[in-house]
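Colleague: I have a new structure open and no idea where to start. Can you walk me through it?

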Amino acid sequence: MAVVITEKAAGEVKRILEDQKYEEGTKLRIGITAGGCSGFSYSLTLEKEFDDEKDSKYDYHGVEVVVDKKHALYLDGTTVDFYDGIDRRGFAFNNPNATRSCGCGSSFQA
């Protein structure tokens with residue numbers, strides 16, 4: 001299984017790519033970094049870099065998604081969605097590997 005982004009999240013990524021005039025071929029990199037109140041924080045970046053040996057690449061709803069294979073163990077099965085409501089706005093992660101997460105959902109422990 002891989003990291004998946006919903007159609008709504010893909011739409012928001014496309015909007016950002018267009019509004020900020022990113023070059024064609026720019027990909028969404030999903031990863032983790034050490035830190036946050038629970039141990040790991042999620043990372044979303046837009047970049048052109050892709051290493052066939054170190055990264056896995058997927059296409060969801062017209063958005064190229066790249067995940068470092070070292071991060072895949074922690075992110076396998078994760079769904080990234082986008083919320084745009086009165087109470088919150090932003091990307092949200094549903095990670096089945098998380099044994100604990102912080103109240104805001106931006107960091108986790110696995």
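Modeller: Here is a short tour, from the overall layout down to single residues. Keep in mind that this is a predicted model.

Colleague: Fine. How many helices and strands does the chain come to?

Modeller: Two helices and nine strands. Along the sequence the pattern reads β-α-β-β-β-β-α-β-β-β-β.

Colleague: And what share of the chain is buried?

Modeller: Of the 110 residues, 36% are buried.

Colleague: How many of the contacts join residues at least 24 apart?

Modeller: Take the contacts between residues at least 6 apart in sequence. Of those, 53% join residues at least 24 apart.

Colleague: Let's do sheets. Which strands form the open sheet with mixed pairing?

Modeller: Three strands, in the order β1-β6-β7. The edges are β1 and β7, and each of them pairs on one side only.

Colleague: Parallel or antiparallel for β1 and β6?

Modeller: Parallel. Strand β1, residues 4-5, pairs with β6 over two bridges. V4 has T79 of β6 as its bridge partner. I5 stands opposite V80, also in β6.

Colleague: And β6 with β7, parallel or antiparallel?

Modeller: Antiparallel, over six bridges, with β7 covering residues 89-94. One position to look at is D81, which stands opposite A92 in β7. The two strands form a hairpin, with four residues between them.

Colleague: What lies across those strands?

Modeller: Helix α1 does. It lies across β1, β6 and β7 and runs at about 70 degrees to β6.

Colleague: Now the inside. How many residues are in the largest nonpolar core?

Modeller: It has 19 residues. Those with the most contacts inside it are I5, L28, I30, V63, V65 and L75.

Colleague: Which elements give two or more residues to it?

Modeller: α1 (7-19), β2 (27-34), β5 (63-68) and β6 (79-84). The largest share comes from α1, with four residues.

Colleague: Pick one core residue. What does I30 touch?

Modeller: Leaving out residues up to four places away in sequence, I30 touches a list that includes V3, I5, L44, V65, L75, V80 and F93. S43 and D68 are also among the residues I30 touches.

Colleague: Change of topic. How many aromatic pairs are there?

Modeller: The count is three. One of them is F82 with F91: the ring centres are 5.0 Å apart and the planes are at 65 degrees, so the pair is edge-to-face.

Colleague: Why edge-to-face?

Modeller: Because the planes are at 65 degrees, and over 60 counts as edge-to-face.

Colleague: Are those two rings' residues buried or partly exposed?

Modeller: One of each. F82 counts as buried, at 5% relative accessibility. F91 counts as partly exposed, at 28%.

Colleague: Which charged ends sit over rings?

Modeller: Here are two cases. K57 has its charged end over the ring of F50, 4.5 Å from the ring centre. R88 has its charged end over the ring of Y83, 4.0 Å from the centre.

Colleague: Anything odd in the backbone? What is the phi of K21?

Modeller: It is positive, about 55 degrees, although K21 is not a glycine. K21 is in the loop between α1 and β2. At 70% relative accessibility, K21 counts as exposed.

Colleague: And what about H61, what is its phi?

Modeller: Also positive, about 55 degrees, and H61 is not a glycine either. You will find H61 in the loop between β4 (55-60) and β5. H61 is partly exposed, with a relative accessible area of 40%.

Colleague: Last one. Where is D84?

Modeller: In strand β6. D84 counts as partly exposed, at 47% relative accessibility.

Colleague: What is D84 in contact with, leaving aside its neighbours in sequence?

Modeller: Outside the neighbours within four places, D84 is in contact with K8 and R89. K8 is 76 residues from D84 in sequence, while the C-alpha atoms of the two are 9.7 Å apart in space.

Colleague: Good. I'll look at the hairpin of β6 and β7 again.

Modeller: Then look at F82 too, the buried member of the edge-to-face pair with F91.

Notes:
Residues numbered from 1 in each chain as written. Predicted model: local features only at pLDDT ≥ 70, side-chain atom pairs only at ≥ 80, totals over all residues. Heavy atoms only, no water. Phe/Tyr/Trp six-rings, centres within 6.5 Å; stacked < 30°, edge-to-face > 60°. Buried < 20%, exposed > 50% of the residue type's maximum accessible area, 1.4 Å probe, protein only. Lys NZ or Arg CZ within 6 Å of the ring centre and 35° of its normal. Core = buried A, V, L, I, M, F, W, Y, C linked by side-chain atoms within 4.5 Å. Contact = heavy atoms within 4.5 Å. Pairing = 2+ DSSP bridges. Axes fitted to C-alpha atoms, helices over the stretch in contact; angles between N-to-C directions.
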